[in-house]
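Let's walk through this structure together, from the words we need to the individual residues. Keep the viewer open and turn the model as you read.

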Amino acid sequence: MTLLTTVFAAIISTVVWYRSAPKSEMKVGILCWLFWGASIMWLVDAIFEYAEFGAAYFTPAPADMLNDLFLGLSVVALGLIIWLVILLVKDPKGVVKAALFKKKKQ
């Protein structure tokens with residue numbers, strides 16, 4: 001489930017990135033790299049786990065599947081948080097800078 005969750009997140013972020021590729025104002029490419037990196041990590045983990053357990057790898061207990069789903073969603077949430085921090089630090093549209101240096105009218 002962790003692999004599926006991160007692959008779906010990677011595919012969705014890649015489609016969003018591709019639709020806005022020339023502009024790239026929202027730095028979605030960084031999000032793609034994060035999710036594809038996590039997907040590759042989980043793929044390697046699945047390969048080694050399959051090598052260890054064989055066919056039993058494909059029949060996990062429901063509790064294990066739920067735990068893996070929560071872990072996958074946590075990884076996606078962490079990736080989104082990292083992307084938001086990078087987006088706020090780089091501030092491509094100047095929104096944060098404008099909000100911080102806005103002068104109050106008196």
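Two residues are in contact when they have heavy atoms within 4.5 Å of each other. Helices and strands are DSSP runs, with H or I over at least four residues for a helix and E over at least two for a strand, numbered from the N terminus. A residue is called buried under 20% relative accessible area, exposed over 50%, and partly exposed in between, using a 1.4 Å probe and protein chains only.

A word on the model itself: it is predicted, so local features need pLDDT of at least 70 and side-chain atom pairs count only at pLDDT 80 or more, while totals for chains, interfaces and linings use all residues. Residues are numbered from 1 along each chain as its sequence is written, and side-chain values use heavy atoms, with hydrogens and water left out.

Start with the whole chain. The protein holds four helices and zero strands, so reading from the N terminus gives α-α-α-α. Along the principal axes, the C-alpha atoms fill a box of roughly 70 × 30 × 15 Å. The radius of gyration, taken over C-alpha atoms, is 19 Å, whereas a compact globule of 106 residues would have one near 13 Å by the rule of 2.2 Å times the number of residues to the power 0.38. Of the 106 residues, 20% count as buried. Among contacts with a separation of 6 or more, 76% join residues 24 or more positions apart.

The surface and the charges complete this overview. About 8,200 Å² is exposed, and carbon and sulfur atoms supply 72% of it; these areas come from the Shrake-Rupley method with a 1.4 Å probe. Counting Lys and Arg as positive and Asp and Glu as negative, without His and the chain ends, there are 10 positive and 7 negative side chains. The centres of the two sets lie 32 Å apart, with each charge placed at NZ of Lys, CZ of Arg, CG of Asp or CD of Glu.

Now follow the chain into helix 2, residues 28-53. Just before you get there, in the loop between helix 1 and helix 2, you meet K27. K27 has a positive phi of about 55 degrees although it is not a glycine, and at 27% relative accessibility it counts as partly exposed. How well does the length of helix 2 agree with its 26 residues? The expected span is 1.5 Å times one less than the number of residues, which gives 38 Å, and the end C-alpha atoms are 37 Å apart, so the two agree. The buried residues of helix 2 include V28, C32, F35 and W42, and the cover over its buried residues includes helix 1 and helix 3.

Just after helix 2, G54 takes a positive phi of about 70 degrees. Further on, T59 lies in the loop between helix 2 and helix 3. T59 is exposed, with a relative accessible area of 61%. Its C-alpha atom is separated by 30 Å from that of C32, 27 residues away along the chain.

Helix 3 covers residues 62-90, and its 29 residues should span 42 Å; the end C-alpha atoms are 42 Å apart, which agrees. Which of its residues are buried? They are G72, V76, G79, W83 and L87. An α-helix has 3.6 residues a turn, so residues three or four places apart point the same way. The buried residues of helix 3 pack against helix 1 (2-19) and helix 2.

For a closer view of this packing, zoom in on G72 in helix 3. At 0% relative accessibility, G72 counts as buried. Not counting residues up to four places away in sequence, G72 touches T2 and T5. T5 sits in helix 1 and, at 13% relative accessibility, is buried too. Leaving aside neighbours within four places in sequence, T5 is in contact with L69, G72, L73 and V76.

Finish at D91, in the loop between helix 3 and helix 4 (95-100). Just after helix 3, D91 takes a positive phi of about 45 degrees, and D91 is a residue other than glycine. Is D91 buried or exposed? With a relative accessible area of 16%, D91 is buried.
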